[in-house]
Every structure is written in C-alpha cells, then in structure tokens.
Amino acid sequence: KEHPTISFLKNTQSPKKDSPQKGTYYVQITSSKQVIDTNHDSFKKTGEKIIREKLNTTSAYKYRYLIGSFSSKEEAQNVLQKVKKSGFPDAIIIEKR
C-alpha cells in the first residue's frame with residue numbers, strides 16, 4: 001500500500017496579541033478546569049483586561065487567567081493588591097521567562 005504524502009507548512013503567523021509575553025510579570029487571578037469567559041462579571045470587578053492561557057499539562061487545571069504584562073515586580077504588586085480586594089484573595093504574581 002502507498003501512503004499519502006504529508007507536507008508541513010511553516011507557521012508564519014505572528015503570536016496572538018493576547019498571548020503572555022516571556023520575561024515579564026503577570027498577576028494570576030485564578031485557574032480552572034473548564035473555560036471561563038474572560039468577560040465574566042467576576043473578572044470585570046478587577047477593572048483589568050484578562051488573558052486566558054491554555055496550559056500544556058496533565059493536571060486537572062487546564063487554564064489560567066492572567067492580568068498584565070508588567071516590566072517590574074513592583075508594578076505587578078500594585079495591581080495584585082487591587083485584584084485581591086476585588087474578590088480574588090488567592091491571586092499571585094508569576095514571572096514568564
């Protein structure tokens with residue numbers, strides 16, 4: 001039997017503008033097993049744009065929700081305090097390298 005030929009195309013698309021950038025700080029407000037709409041009312045209380053990131057993991061939590069792209073940890077810390085007061089007391093700062 002002959003097998004069909006498979007050709008691969010190089011992805012020339014630029015990364016999504018909502019994709020987290022490496023080398024910066026983010027405030028992770030939550031993680032989830034299922035997709036949550038980033039326009040959900042609870043997220044709106046933060047007053048910030050939410051980025052949903054799909055995780056490449058075997059863990060039960062497949063998505064995390066981030067705010068930011070901060071060049072310094074201090075900037076992220078300021079937003080973290082506001083986010084915690086808006087209903088996300090377990091929010092943390094992460095650094096993408």
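Here are five short exercises with worked solutions on a predicted model.

**Exercise 1. The nonpolar core**

Task: Find which residues have the most contacts inside the largest nonpolar core, and which elements supply at least two residues of this core.

Solution:
- Step 1. Begin with the core itself: the largest one has 15 residues. Those with the most contacts inside it are Val27, Ile29, Ile67, Phe70, Val83 and Ala91.
- Step 2. Now turn to the elements. At least two core residues come from each of strand S1 (24-32), strand S3 (63-70) and helix H2 (73-85).
- Step 3. Take Phe70 as an example and set aside residues up to four places away in sequence. Phe70 then touches Thr24, Tyr25, Tyr26 and Val27, and also Glu75, Ala76 and Val79.

**Exercise 2. The two faces of a strand**

Task: Sort the residues of strand S2 (residues 51-54) into a covered and an uncovered face, then find how S2 and S3 pair.

Solution:
- Step 1. Recall the general pattern: side chains in a regular strand alternate between the two faces of the sheet.
- Step 2. Apply it to S2. Ile51 and Glu53 make up the covered face, while Arg52 and Lys54 make up the uncovered one.
- Step 3. Look across to the partner strand. S2 and S3 are antiparallel, with four bridges between them. Opposite Glu53 stands Arg64 of S3.

**Exercise 3. A cluster of rings**

Task: Search the whole structure for aromatic pairs, classify each one, and say which parts of the chain it ties together.

Solution:
- Step 1. The search gives two aromatic pairs.
- Step 2. Classify the pair of Phe43 and Tyr65. Their ring centres are 5.3 Å apart and the planes lie at 35 degrees, so this pair is tilted. Because Phe43 belongs to helix H1 (residues 41-44) and Tyr65 to strand S3, the pair ties together parts 22 residues apart in sequence. Both Phe43 and Tyr65 are buried.
- Step 3. Do likewise for Phe43 and Phe88. This pair is stacked, at 5.9 Å centre to centre and with 25 degrees between the planes. Phe43 lies in helix H1 and Phe88 in the loop between H2 and strand S4 (92-96), so parts 45 residues apart in sequence are tied together.
- Step 4. Check burial against the cut-off of under 20% relative accessible area. Phe43 has 3%, so it is buried. Phe88 has 11%, so it counts as buried too.
- Step 5. Put the pairs together: they link Phe43, Tyr65 and Phe88 into a cluster.

**Exercise 4. A loop residue and its contacts**

Task: Locate Val35, decide whether it is buried, partly exposed or exposed, and list its contacts beyond four places in sequence.

Solution:
- Step 1. Val35 sits in the loop between S1 and H1.
- Step 2. Its relative accessibility is 48%, so Val35 counts as partly exposed.
- Step 3. With neighbours within four places left aside, Val35 is in contact with Arg52, Tyr63 and Tyr65.
- Step 4. For a backbone distance, take Lys54, which is 19 residues from Val35 along the chain: the two C-alpha atoms are separated by 9.0 Å.

**Exercise 5. Salt bridges and a network**

Task: Search the whole structure for salt bridges and find which residues they join into one network.

Solution:
- Step 1. The search finds three salt bridges.
- Step 2. Start with Glu48 and Lys82, whose side chains meet at 2.7 Å, N to O. Glu48 is in the loop between H1 and S2 and Lys82 is in helix H2, 34 residues apart. Glu48 is partly exposed at 29% relative accessible area, and Lys82 is partly exposed at 39%.
- Step 3. Move to Glu53 and Arg64, which form a salt bridge at 2.6 Å, N to O. The pair links strand S2 with strand S3, eleven residues apart. Glu53 is buried, with a relative accessible area of 12%, and Arg64 counts as buried at 18%.
- Step 4. Add Glu53 and Lys96, a salt bridge at 2.7 Å, N to O. Since Glu53 lies in strand S2 and Lys96 in strand S4, parts 43 residues apart in sequence are tied together. Both residues, Glu53 and Lys96, are buried.
- Step 5. Look for shared partners: the salt bridges that have them join Glu53, Arg64 and Lys96 into one network.

Conventions: Residues numbered from 1 in each chain as written. Predicted model: local features only at pLDDT ≥ 70, side-chain atom pairs only at ≥ 80, totals over all residues. Heavy atoms only, no water. Core = buried A, V, L, I, M, F, W, Y, C linked by side-chain atoms within 4.5 Å. Buried < 20%, exposed > 50% of the residue type's maximum accessible area, 1.4 Å probe, protein only. Contact = heavy atoms within 4.5 Å. Pairing = 2+ DSSP bridges. Phe/Tyr/Trp six-rings, centres within 6.5 Å; stacked < 30°, edge-to-face > 60°. Salt bridge = Lys/Arg side-chain N within 4 Å of Asp/Glu carboxyl O.
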